[in-house]
Amino acid sequence: MQLKQDKMASELKILHEKENPLFSRKEVQIIINSDKTPSKEDSLKLLSDNFSVSPECIIIKTIKGKFGRDEFTITASLYKSEDIKNRVEPKLKKKKEVAK
């Protein structure tokens, strides 16, 4: 799905934004309007452009939509660096097996 940045930026609404100094991250919840459910790649690009954070420093927790609506809620954590993100976020089982 190709989303135009100009269109997305005008339809972005920040619901909740909280600075979490313990984990060195910013927790955000935004609403966007789109015809289709946005992919994780599109959401990463949108968040990195609007919050001036590298896509490698972003973890998208959820992308939720309600039936019959064009509104989608995205919950994400924005870290200050990729190193901090790797120390704080839990390791996935697939990545653990590959590392062995």
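How many salt bridges does the chain hold by the rule used here? The count comes to 6 salt bridges. Please keep in mind as you read that this is a predicted model, so we start with the overall picture and how confident the predictor is, then come back to the charged pairs.

## The chain as a whole

The chain has 100 residues, and buried residues make up 29% of them. You will find 4 helices and 4 strands, and from the N terminus on the elements run α-β-β-α-β-β-α-α. Contacts across the sequence are well represented: among those between residues at least 6 apart, 53% join residues at least 24 apart. The accessible surface comes to about 7200 Å², and carbon and sulfur atoms account for 51% of that surface.

## Where to trust the model

The mean pLDDT of the chain is 85, and 83% of the residues reach 70 or more. Confidence is highest in β4, at 95, and lowest in helix α1 (residues 5-10), at a mean of 46. Over residues 1-10 the pLDDT is below 50, although this stretch still has 19 contacts in the model beyond near neighbours in sequence.

## Strand β4 and its partners

Which strands pair with β4? Strand β2 (residues 25-33) is joined to β4 by 9 bridges, and the two run antiparallel. Strand β3 is also antiparallel to β4, with 7 bridges between them.

Some facing residues help you find your way in the viewer. On the β2 side, Glu 27 stands opposite Ser 77 in β4. On the β3 side, Thr 62 stands opposite Thr 75 in β4, and Lys 64 stands opposite Thr 73 in β4. The hairpin of β3 and β4 has 5 residues between the strands, and there Gly 68 takes a positive phi near 80°. As a general point, side chains in a regular strand alternate between the two faces of the sheet.

## The salt bridges

Three of the pairs are set out here, with the distance between the N and O atoms.

| Pair | N to O distance |
|---|---|
| Arg 25 and Glu 27 | 2.9 Å |
| Lys 45 and Asp 49 | 3.1 Å |
| Lys 61 and Glu 89 | 3.3 Å |

Let us take the helix pair to begin with. Lys 45 and Asp 49 both lie in helix α2 (residues 40-51), 4 residues apart, which is about one turn of the helix. Are these two side chains buried or exposed? Each falls in between: Lys 45 is partly exposed, with a relative accessible area of 48%, and Asp 49 is partly exposed as well, at 38%.

The Glu 89 and Lys 61 side chains also meet in a salt bridge, at 3.3 Å. This pair links distant parts of the chain, with Glu 89 in the loop between α3 (82-88) and α4 (93-99) and Lys 61 in strand β3 (residues 58-65), 28 residues apart. Why does Glu 89 count as buried? The cut-off for buried is under 20% relative accessible area, and Glu 89 counts as buried because its relative accessibility is 14%. Lys 61, at 42% relative accessibility, counts as partly exposed.

Arg 25 and Glu 27 make a salt bridge at 2.9 Å, and both residues are buried. Arg 25, Glu 27, Lys 61 and Glu 89 are linked in a network of salt bridges, so picking these four together in the viewer is a good way to see it.

## Two serines worth a look

Ser 48 has its place in helix α2, the helix that also holds Lys 45 and Asp 49. At 11% relative accessibility, Ser 48 counts as buried. Leaving aside residues up to four places away in sequence, Ser 48 touches Val 53, Ser 54, Pro 55 and Ile 58.

Ser 81 lies in the loop between β4 (71-79) and α3. This serine is partly exposed, with a relative accessible area of 24%. What does the side chain of Ser 81 reach? The partner is the backbone nitrogen of Ile 84, at 3.3 Å. Ser 81 and Cys 57 are 24 residues apart in sequence, yet 5.7 Å apart in space from C-alpha to C-alpha.

Technical notes: Residues numbered from 1 in each chain as written. Heavy atoms only, no water. Buried < 20%, exposed > 50% of the residue type's maximum accessible area, 1.4 Å probe, protein only. Polar contact = N/O pair within 3.5 Å; in protein donor to acceptor, adjacent residues only side chain to side chain. Pairing = 2+ DSSP bridges. Contact = heavy atoms within 4.5 Å. Areas by Shrake-Rupley, 256 points an atom, 1.4 Å probe, with all protein chains shown as cover. pLDDT = per-residue confidence, 0-100.
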